[in-house]
Amino acid sequence: MSFFSNKKFSLPPGSALPLLVAGAFFMENLDATVIVTALPQMAKDFGVHPVDMNIGVSAYILTLTVFIPASGWIANRFGTRNVFSMALVLFTLASVLCSASVSLGTFTAARMLQGFAGALMVPVGRLVVLKNTQKSDLIRAIATITWPGLVAPILGPPLGGFITTYASWHWIFILNVPLGVVALLFARRLIPQIPGEKGVPFDLTGFVLTGIACLGLIFGLDKFNEGNFDWKPFAMIGSALVAGALAIRHSKRAAHPLLPLVALKIKSYAVTIYGGSLFRVAIGALPFLLPLMFQLAYGMSAFDAGLLVLSVFAGNLAMKPFTSAILHRFRFKSIMLVNGLLNCATIFACALLTPQVPTALTLLLLFASGMTRSMQFTALNTLAFSQVPAGQMSGANTLFNTAQQLSTGLGIAIGALSLRIAEHFLPASDTLRIDTFHIAFIIIGLFSLAGTLDSLTLDKTAGDEIRRKKESVPRPAVPEK
């Protein structure tokens with residue numbers, strides 16, 4: 001069979017397809033944070049203030065958030081293999097354009113193109129895995145494509161700092177080129193060629209309303225974080241809430257909504273959207289708050305702070321071999337409650353950290369935090385689709401990815417807002433005090449606790465469909481020698 005054969009494709013057990021999607025997930029999430037430590041050098045090359053470079057991060061995340069809702073329709077219309085391959089090509093091309101940028105304007109445009117490609121790449125890749133994986137293999141497949149999304153945001157800042165210090169920030173994007181080419185070759189081999197579905201109109205009204213809701217919410221919180229308490233942030237957040245309500249109303253009435261809400265009637269799926277979003281806000285805020293505290297309150301360098309936070313990555317890595325076994329052994333409700341409470345405890349414990357706490361103890365706490373966030377994140381991602389019928393899988397996947405991306409982006413904004421709130425309870429200071437971060441961690445811990453308590457509404461049998469072991473298949477007899 002030729003490398004680009006279009007013959008009927010079937011996924012063997014232990015297929016490399018989840019690994020392909022995991023690689024794409026890693027590229028997308030790494031590029032969201034890897035440039036953070038490179039911003040000062042990039043600002044110097046572009047001739048702008050370092051603070052102005054924040055638009056390079058925001059433009060990428062916002063473009064991702066806005067276009068993810070359209071990914072399901074685009075994949076169904078033009079075929080998953082075609083869309084996934086096109087997304088890889090665009091992402092690689094955008095990476096080249098980022099490295100070749102000579103101004104903040106050209107760099108921002110390239111980042112927006114990169115965000116658009118990422119909005120198609122991972123949701124469509126996840127949809128391919130969901131549609132071509134048996135329920136009995138779902139735990140392993142979802143665990144495979146989930147882990148890179150946890151690792152990349154933690155690994156990004158120190159990796160970007162290393163590349164910028166010992167090479168050049170341009171290499172941050174050039175490294176995506178060989179990865180993109182290899183991923184494209186494997187995508188053409190592994191993803192089945194399924195023709196697109198014609199006749200389903202694009203829900204432009206739903207797209208516009210959803211985009212306004214997401215942008216208004218993120219920009220409104222960002223204005224609050226700038227210390228602007230005039231009418232603008234209130235107007236933005238108010239408009240976002242109105243647009244969100246109209247989008248929900250529209251989705252319930254439209255014949256072909258961009259974000260179908262029918263899967264929310266399934267309790268196991270709804271918990272991963274409502275409570276799961278609160279949890280993702282909490283874990284999205286930690287990679288933002290921890291490096292800031294270590295630099296501003298501890299007096300550490302940016303590189304040393306990034307290295308310390310790598311203990312969270314180590315916890316993610318250590319948990320990976322045990323995740324699938326735990327999900328098969330214990331019920332989802334029990335795992336999400338016990339592990340969720342442990343995660344809350346690690347976040348609240350961050351409010352006790354001071355420069356006087358032994359480094360070994362700090363590393364141990366962050367390591368435990370990484371283990372619990374990895375376990376909870378994988379459990380949520382796996383449970384989400386356990387009871388979703390095949391016919392609703394595309395819409396459920398699109399809504400899940402939108403909620404996941406939005407809540408992760410809101411994690412940074414709410415983390416910054418929690419610092420602003422904390423400042424109001426403490427004496428005025430020119431710099432952020434250690435007490436300010438302590439209050440912020442308590443606020444973020446409450447988000448994680450609220451998300452965990454939502455698991456109480458689950459039925460005790462939730463997720464049993466994918467916990468069941470595969471039926472044993474008799475092996476053919478082997479003649480004795």
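Gly275, Phe279, Met336, Gln376, Leu380, Gly451, Thr452 and Ser455 form the lining of the second largest cavity in this structure, which is a predicted model. That cavity holds about 30 Å³ of space. The briefing below covers cavities, nonpolar cores and the salt bridge.

**Cavities**
- Across the whole structure, the search yields two cavities of 30 Å³ or more.
- Helix 11 (267-297), helix 14 (359-383) and helix 16 (434-453) are the elements that each contribute two or more residues to the lining of the second largest cavity.
- Five polar and three nonpolar residues make up this lining, and no charged residues take part.

**Nonpolar cores**
- The largest nonpolar core comprises 90 residues.
- Within this core, Ile35, Met42, Phe84, Tyr269 and Phe385 have the most contacts.
- Helix 5 (residues 104-131) is the leading contributor to this core, supplying 12 residues.
- A second core, separate from the largest, contains 37 residues, among them Tyr298, Cys350, Leu406 and Ala413.

**Salt bridge**
- One salt bridge is found in a search of the whole structure.
- It joins the side chains of Arg433 and Asp435, with an N to O distance of 3.0 Å.
- Asp435 has a relative accessible area of 31% and is therefore partly exposed, since this class lies between the limits of 20% and 50%.
- Arg433 is likewise classed as partly exposed because its relative accessibility is 30%.

Methods. Residues numbered from 1 in each chain as written. Predicted model: local features only at pLDDT ≥ 70, side-chain atom pairs only at ≥ 80, totals over all residues. Heavy atoms only, no water. 1 Å grid on protein atoms, 1.4 Å probe; cavity = no way out; pocket = protein on both sides within 12 Å on 5 of 7 lines; lining within 4 Å. Points joined across faces, edges and corners; volume = space filled by probe spheres on them. Helix = DSSP H or I, 4+ residues; strand = E, 2+ residues; numbered from the N terminus. Nonpolar A, V, L, I, M, F, W, Y, C, P; charged D, E, K, R; others polar. Core = buried A, V, L, I, M, F, W, Y, C linked by side-chain atoms within 4.5 Å. Buried < 20%, exposed > 50% of the residue type's maximum accessible area, 1.4 Å probe, protein only. Salt bridge = Lys/Arg side-chain N within 4 Å of Asp/Glu carboxyl O.
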